[in-house]
Amino acid sequence: MPFNNKNRVKQQGFSLIEVLIGLAILAIALMAGVKALTQSVQTQTTLQQQYLAMLSANDALNKLYLQKVWPEFDVYKTNCSQLNVPLVCIRSTFATPNPLFRRVVIEVYLGSPTDATMPQEQRLAKLTTIVFNYLTSNL
């Protein structure tokens, strides 16, 4: 029996292969969107932690200035959490060539959830300042 084009029924709609290819393209596009959203949330969290760490470092330096004490040569570790973010401030004091000044470095690390004074490896902020010993000077 010869093949007759008149008996052929016109196709309506999409074939199964076309639908599967369309779903695969849609799935890839959605996965890219979810990845971009996840990256955005991670970036926002990191920026918030760095902002809070800088606030804590500024607080530690302002506290040092307001106490009007001559800092000793030591490393002082304290809990400086902000907004339920566990942060650890580490204050280090160093000598300078001029004995009337000392260099003070404040480093802020993300704190361990179990121990408030145990820093993790990632440093979030670092501030350095020079402190004048006005207590012993004649100025």
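Here a visitor and a guide talk through a predicted model and the reasons behind its labels.

Visitor: Let's begin with the overall layout. How many helices and strands are there in the protein?

Guide: The protein has one helix and four strands, and along the sequence they follow the pattern α-β-β-β-β. Of its 139 residues, 25% are buried. The accessible surface is about 10600 Å², and carbon and sulfur atoms account for 61% of that.

Visitor: What makes the span of α1 agree with the expected one?

Guide: Helix α1 covers residues 16-67. With 52 residues at 1.5 Å each, the span should be 76 Å, and the end C-alpha atoms are 76 Å apart, so the two values agree. The expected span takes 1.5 Å times one less than the number of residues.

Visitor: Why is Q49 called buried?

Guide: Buried means under 20% relative accessible area. Q49 has 17% relative accessibility, so Q49 counts as buried. Q49 sits in helix α1 and, leaving out residues up to four places away in sequence, touches V85, L110 and L124.

Visitor: Which other residues of α1 are buried, and what do they pack against?

Guide: Besides Q49, the buried residues of α1 are L52, A53, S56, A57, L61 and L64. The buried residues of this helix pack against β2 (87-95), β3 (101-111) and β4 (119-132).

Visitor: And L20, also in helix α1: why is L20 called partly exposed?

Guide: The label partly exposed covers what lies between the 20% limit for buried and the 50% limit for exposed. L20 has a relative accessible area of 47%, so L20 is partly exposed.

Visitor: What makes L20 eligible for a surface patch?

Guide: A patch residue needs over 30% relative accessible area and no salt bridge, and nonpolar side chains are joined within 5 Å. The 47% of L20 is partly exposed, and L20 belongs to a nonpolar patch of about 760 Å² together with F14, L16, V19, L23, L26 and L30.

Visitor: How do you know that C80 and C89 form a disulfide?

Guide: The rule asks for cysteine sulfur atoms within 2.5 Å. The sulfur atoms of C80 and C89 are 2.1 Å apart, and the pair forms a disulfide. By this rule the count is one disulfide. A disulfide is a covalent bond between the sulfur atoms of two cysteines.

Visitor: Why is the disulfide of C80 and C89 called right-handed?

Guide: The torsion about the S-S bond is about 95 degrees, so the disulfide is right-handed. Both C80 and C89 are buried.

Visitor: Just after α1 comes K68. What is notable about its phi, and why is K68 called exposed?

Guide: Phi of K68 is near 50 degrees, a positive value in a residue other than glycine. K68 lies in the loop between α1 and β1 (75-79). Exposed means over 50% relative accessible area, and K68 has 52% relative accessibility, so K68 counts as exposed.

Visitor: Where is L83, and why does L83 count as exposed?

Guide: L83 is in the loop between β1 and β2. Its relative accessibility is 66%, so with the limit at over 50%, L83 counts as exposed. L83 also has a positive phi of about 50 degrees, although it is not a glycine.

Visitor: One last point on contacts. What share of those between residues at least 6 apart in sequence join residues at least 24 apart?

Guide: Within that set, 49% of the contacts join residues at least 24 apart.

Methods: Residues numbered from 1 in each chain as written. Predicted model: local features only at pLDDT ≥ 70, side-chain atom pairs only at ≥ 80, totals over all residues. Heavy atoms only, no water. Patch = residues over 30% accessible without salt bridge, like charges linked within 9 Å, V, L, I, M, F, W, Y side chains within 5 Å. Areas by Shrake-Rupley, 256 points an atom, 1.4 Å probe, with all protein chains shown as cover. Salt bridge = Lys/Arg side-chain N within 4 Å of Asp/Glu carboxyl O. Helix = DSSP H or I, 4+ residues; strand = E, 2+ residues; numbered from the N terminus. Buried < 20%, exposed > 50% of the residue type's maximum accessible area, 1.4 Å probe, protein only. Contact = heavy atoms within 4.5 Å.
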